Amino acid sequence: MFARMVFFKLEPGSREAAEKVVQELNVISRTQKGFRGNSYFFEDHKGEYAALNYWESKKDAESANAIMFPHFCEAVKGIVKEEPRLRIFEVYDPLEKVPLDTSVGLFDY
(Lines give C-alpha, C1' and ligand atoms only; values in the text may rest on other atoms or scores of the structure.)
Protein backbone atom coordinates (compact mmCIF):
# COMPACT_ATOMS: atom_id res chain seq x y z
CA MET A 1 0.00 0.00 0.00
CA PHE A 2 1.11 3.57 -0.67
CA ALA A 3 0.15 6.93 0.79
CA ARG A 4 -0.05 10.24 -1.04
CA MET A 5 0.28 13.27 1.22
CA VAL A 6 -0.25 16.91 0.34
CA PHE A 7 0.72 19.57 2.88
CA PHE A 8 -0.59 23.10 2.32
CA LYS A 9 -0.80 26.44 4.12
CA LEU A 10 -3.67 28.88 4.09
CA GLU A 11 -4.38 31.88 6.28
CA PRO A 12 -4.94 30.84 9.91
CA GLY A 13 -8.63 30.20 10.53
CA SER A 14 -9.32 29.04 6.95
CA ARG A 15 -10.96 25.78 7.99
CA GLU A 16 -14.06 26.40 5.85
CA ALA A 17 -11.92 26.89 2.72
CA ALA A 18 -9.78 23.85 3.58
CA GLU A 19 -12.88 21.70 4.08
CA LYS A 20 -14.27 22.80 0.70
CA VAL A 21 -11.00 21.86 -1.03
CA VAL A 22 -10.75 18.42 0.58
CA GLN A 23 -14.42 17.66 0.01
CA GLU A 24 -13.92 18.23 -3.72
CA LEU A 25 -10.81 16.04 -3.74
CA ASN A 26 -12.53 13.38 -1.65
CA VAL A 27 -15.10 12.89 -4.42
CA ILE A 28 -12.40 12.66 -7.11
CA SER A 29 -10.15 10.29 -5.16
CA ARG A 30 -12.93 7.77 -4.58
CA THR A 31 -13.36 7.28 -8.34
CA GLN A 32 -9.68 6.46 -8.93
CA LYS A 33 -8.26 2.96 -9.41
CA GLY A 34 -6.67 1.48 -6.30
CA PHE A 35 -8.27 3.92 -3.84
CA ARG A 36 -8.16 2.70 -0.20
CA GLY A 37 -9.13 5.71 1.94
CA ASN A 38 -8.65 9.35 2.90
CA SER A 39 -7.78 11.25 6.07
CA TYR A 40 -7.41 14.99 6.51
CA PHE A 41 -5.45 16.96 9.10
CA PHE A 42 -6.14 20.53 10.16
CA GLU A 43 -4.04 22.79 12.39
CA ASP A 44 -6.46 25.62 11.79
CA HIS A 45 -4.99 28.18 14.19
CA LYS A 46 -1.70 27.94 12.26
CA GLY A 47 -3.28 27.63 8.81
CA GLU A 48 -1.59 24.26 8.22
CA TYR A 49 -3.51 21.47 6.51
CA ALA A 50 -2.77 18.05 5.01
CA ALA A 51 -4.56 15.47 2.89
CA LEU A 52 -3.63 11.79 3.12
CA ASN A 53 -4.85 9.23 0.58
CA TYR A 54 -4.15 5.50 0.62
CA TRP A 55 -3.62 3.51 -2.60
CA GLU A 56 -3.13 -0.15 -3.50
CA SER A 57 0.11 0.51 -5.41
CA LYS A 58 2.61 3.23 -6.16
CA LYS A 59 1.38 3.26 -9.76
CA ASP A 60 -2.20 3.87 -8.52
CA ALA A 61 -0.99 6.73 -6.27
CA GLU A 62 0.95 8.35 -9.10
CA SER A 63 -1.89 7.93 -11.61
CA ALA A 64 -4.40 9.42 -9.17
CA ASN A 65 -2.00 12.26 -8.40
CA ALA A 66 -1.76 13.15 -12.09
CA ILE A 67 -5.52 13.75 -12.00
CA MET A 68 -5.95 15.11 -8.47
CA PHE A 69 -3.02 17.50 -8.07
CA PRO A 70 -4.06 19.85 -10.91
CA HIS A 71 -7.57 19.99 -9.37
CA PHE A 72 -6.03 20.72 -5.98
CA CYS A 73 -3.81 23.51 -7.36
CA GLU A 74 -6.80 25.12 -9.05
CA ALA A 75 -8.90 24.84 -5.87
CA VAL A 76 -6.28 26.61 -3.70
CA LYS A 77 -5.26 29.17 -6.33
CA GLY A 78 -5.26 32.60 -4.74
CA ILE A 79 -5.65 31.32 -1.15
CA VAL A 80 -2.57 29.16 -0.65
CA LYS A 81 0.23 30.91 1.28
CA GLU A 82 3.15 28.84 -0.01
CA GLU A 83 3.86 26.11 -2.53
CA PRO A 84 2.02 22.90 -1.53
CA ARG A 85 4.28 19.94 -0.74
CA LEU A 86 3.46 16.54 -2.17
CA ARG A 87 4.98 13.22 -1.10
CA ILE A 88 4.25 9.59 -1.88
CA PHE A 89 5.29 7.02 0.72
CA GLU A 90 5.21 3.26 0.97
CA VAL A 91 3.04 2.30 3.95
CA TYR A 92 4.40 -0.20 6.45
CA ASP A 93 1.80 -1.81 8.69
CA PRO A 94 3.31 -4.31 11.14
CA LEU A 95 -0.14 -5.75 11.83
CA GLU A 96 -0.26 -7.12 8.29
CA LYS A 97 2.43 -9.60 9.39
CA VAL A 98 0.64 -10.68 12.59
CA PRO A 99 -1.58 -13.78 12.33
CA LEU A 100 -5.23 -13.17 13.14
CA ASP A 101 -5.24 -15.41 16.23
CA THR A 102 -7.46 -13.54 18.67
CA SER A 103 -6.53 -15.86 21.55
CA VAL A 104 -3.06 -14.26 21.63
CA GLY A 105 -2.45 -10.67 22.71
CA LEU A 106 -0.88 -8.25 20.23
CA PHE A 107 2.32 -7.92 22.26
CA ASP A 108 2.70 -11.67 22.91
CA TYR A 109 4.61 -12.19 19.65
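**Exercise 1. Find which residue of β4 stands opposite valine 6, then work out how β1 and β4 pair.**

Step 1. Look across from valine 6 and you land on leucine 86 in β4. Strands here are DSSP runs of E with at least two residues, helices are runs of H or I with at least four, and both are numbered from the N terminus.

Step 2. Now widen the view: β1 covers residues 2–9, and its pairing with β4 is antiparallel, over six bridges. Two strands count as paired if DSSP finds at least two bridges between them.

Step 3. Another spot on this pairing is phenylalanine 2, whose bridge partner in β4 is glutamate 90.

A quick word on what you're looking at: this is a predicted model, where local features need pLDDT of at least 70 and side-chain atom pairs count only at pLDDT 80 or more, while totals for chains, interfaces and linings use all residues. Residues are numbered from 1 along each chain as its sequence is written, and side-chain values use heavy atoms, leaving out hydrogens and water.

**Exercise 2. Work out the order of the strands in the sheet.**

Step 1. Turn to β3 next: β1 pairs with β3 over eight bridges, again antiparallel. Arginine 4, for instance, has asparagine 53 of β3 as its bridge partner.

Step 2. Put the four strands together and you get an open sheet in the order β2-β3-β1-β4, with antiparallel pairing. At the edges sit β2 (35–43) and β4 (85–90), each pairing on one side only.

Step 3. On average, neighbouring strands of this sheet are turned by 15° against each other, direction ignored. (Axes are lines fitted to C-alpha atoms, for helices over the stretch in contact; angles run from 0 to 180 degrees between N-to-C directions.)

**Exercise 3. Place the two helices on the sheet.**

Step 1. Walk along the chain from the N terminus: the elements run β-α-β-β-α-β.

Step 2. Helix α1 (residues 15–29) packs on the sheet and touches β1, β2 and β3 (48–55), its direction making about 175° with that of β2. Contact means heavy atoms within 4.5 Å.

Step 3. Helix α2 (residues 58–76) packs on the sheet too, touching β1, β3 and β4, at about 25° to the direction of β1.

**Exercise 4. Sort the residues of α1 into a buried side and an exposed face.**

Step 1. You'll need the cut-offs: buried is under 20% relative accessible area, exposed is over 50%, and partly exposed lies in between (1.4 Å probe, protein chains only).

Step 2. The buried ones are Ala18, Val21, Val22, Leu25, Asn26, Ile28 and Ser29. These cover an arc of only 160° around the axis, so they lie on the same side of α1; the arc is that of the directions from the helix axis to the C-beta atoms.

Step 3. What do they pack against? Their partners are β1, β2, β3 and α2.

Step 4. Flip to the face turned away from the buried side, and there are the exposed residues Glu16, Lys20, Gln23 and Val27.

**Exercise 5. Decide whether aspartate 60 is buried or exposed, and list its contacts.**

Step 1. Start with its place: aspartate 60 is in helix α2.

Step 2. Its relative accessibility is 7%, so aspartate 60 counts as buried.

Step 3. Leave aside neighbours within four places in sequence, and aspartate 60 is in contact with Lys33, Gly34 and Trp55.
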